[in-house]
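Student: I have a structure to read and do not know where to begin. Could you take me through some of its features?

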Amino acid sequence: MKNLFAHTSAPWIRYSGYEYKTADDGTLYITVSEGAEPEMYRPMQEAEQLITDAVNVGLAAMHKASEEELKESVLDFVKKYGFLGFMTALPTTADFITYESVYLPKNHFIKEESLPTEKYLSYFYPFDKLDFRKKSVESGWSVTDREGIAITMAMGNAPQAVAMELQKEYAEKYDWILKEFTDLAFTFMTSFLYYLDYDTIDEQTRSLYRQGISAFGGISPTYRIALEKDSPVIVWDFHSLLVMVQMCFSFMLTDKDSDMRMCKHCKKAFVASRKGNEFCSQRCKNQFNVYKSREKKKGNKRDD
């Protein structure tokens with residue numbers, strides 16, 4: 001994966017602060033904190049850590065962490081990397097503003113196959129609305145604050161909706177983010193256990209594993225080539241952090257040079273620095289050895 005993305009440019013926006021806020025219908029959202037400042041960064045440069053962090057939030061959910069722990073973990077992720085960008089990841093095209101309606105493939109979050117644009121936008125602006133107007137395929141959108149204008153300009157030729165979802169009024173549902181991370185963790189665990197237990201399970205069980213992992217799929221990003229100072233680079237047009245996460249996760253899971261594993265002690269995902277490494281850190285290895293030594297001594301006492 002490192003070679004594939006060695007010369008890649010894919011900018012995203014994160015703010016200096018995020019917080020939870022509950023809508024009138026009781027839905028819990030993550031919003032940009034008042035007074036937070038936007039920052040542009042390139043998530044591809046920290047892709048392995050980003051994917052590992054996302055999977056570990058999902059693993060915490062699978063391991064039945066408390067609701068407060070999960071809320072803290074999801075918020076920490078958003079603070080570190082920004083929103084996932086569901087608004088442009090879910091439709092059939094990120095350029096949905098130019099269509100009469102928003103068209104959606106099957107997904108976990110919105111059951112309708114098509115929605116009026118204003119209704120679709122309401123999923124992501126439950127508190128403060130954008131100055132957006134739509135009639136048939138014609139639309140108008142204006143932004144007046146300095147930071148909003150800067151973000152819009154920084155997104156360049158990206159679809160209008162990309163700049164819209166990076167504005168401070170945008171919000172994402174907590175349970176949507178958690179569901180997405182749990183799906184990543186389920187896919188990771190399915191792959192990990194399939195090979196770990198391969199010699200001890202029957203073919204019917206193996207088939208169930210293969211069926212489970214085949215359900216994972218993401219939206220394919222587009223790309224273009226740009227001439228930068230030293231060399232040409234691939235510019236991935238993700239249009240959302242979520243699509244980047246899905247694609248990079250897929251490459252990490254299938255790339256033999258990227259040994260993504262689960263720590264034998266703390267049960268967290270990590271990328272092993274060398275083949276066969278079973279622990280994410282020396283500390284976890286030491287703690288595991290201490291635990292095994294104590295268990296062995298208990299067993300000896302029972303035998304006596």
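Tutor: We will take a sheet, then a helix, then some backbone angles. Keep in mind that this is a predicted model.

Student: In what order do the three strands of the open sheet lie, and how are they paired?

Tutor: Strands of a sheet pair through backbone hydrogen bonds, in either a parallel or an antiparallel way. Here the order is S3-S4-S10, and the pairing is antiparallel. Strand S3 (18–22) and strand S10 (171–173) are the edge strands, each with pairing on one side only. From one strand to the next, the twist averages 30°.

Student: How many bridges join S4 and S10?

Tutor: Strand S4, residues 28–32, pairs with S10 over three bridges, in the antiparallel sense. To find one on the model, go to Ile30: its bridge partner in S10 is Glu172.

Student: Which helix packs on this sheet, and which strands does it touch?

Tutor: Helix H2, residues 67–81, packs there and touches S3 and S4. The direction of H2 makes about 130° with that of S3.

Student: Now helix H1. What span is expected for H1, and what span does it reach?

Tutor: H1 covers residues 47–62, which is 16 residues. At 1.5 Å a residue the expected span is 22 Å, and H1 reaches 23 Å from its first C-alpha to its last, close to that value.

Student: Is H1 mostly covered or mostly exposed?

Tutor: An α-helix has 3.6 residues a turn, so residues three or four places apart point the same way. As for H1, it is mostly covered, with twelve of its 16 residues buried. The buried residues include Leu50, Ile51, Ala54, Val55, Gly58 and Ala61. Asp53 and Asn56 are also among them.

Student: What is the phi of Lys64, and where does this residue lie?

Tutor: Lys64 comes just after H1 and has a positive phi of about 65°.

Student: Where is Ser136, and what is the phi of this residue?

Tutor: Ser136 sits in the loop between strand S8 (131–135) and strand S9 (138–142). Its phi is near 55°, a positive value in a residue other than glycine. Ser136 has a relative accessible area of 41%, so it is partly exposed.

Student: And where does Lys267 lie?

Tutor: Lys267 is in the loop between strand S13 (260–262) and strand S14 (269–271). The phi of Lys267 is near 65°, again positive in a residue other than glycine. Lys267 counts as partly exposed because its relative accessibility is 38%.

Note on methods
Residues are numbered from 1 along each chain as its sequence is written. This is a predicted model: local features need pLDDT of at least 70, side-chain atom pairs count only at pLDDT 80 or more; totals for chains, interfaces and linings use all residues. Side-chain values use heavy atoms; hydrogens and water are left out. Helices (H or I, at least four residues) and strands (E, at least two) are DSSP runs, numbered from the N terminus. Buried means under 20% relative accessible area, exposed over 50%, partly exposed in between (1.4 Å probe, protein chains only). Two strands pair if DSSP finds at least two bridges between them. Axes are lines fitted to C-alpha atoms, for helices over the stretch in contact, and angles run from 0 to 180 degrees between N-to-C directions. Contact means heavy atoms within 4.5 Å. The expected span of a helix is 1.5 Å times one less than its number of residues.
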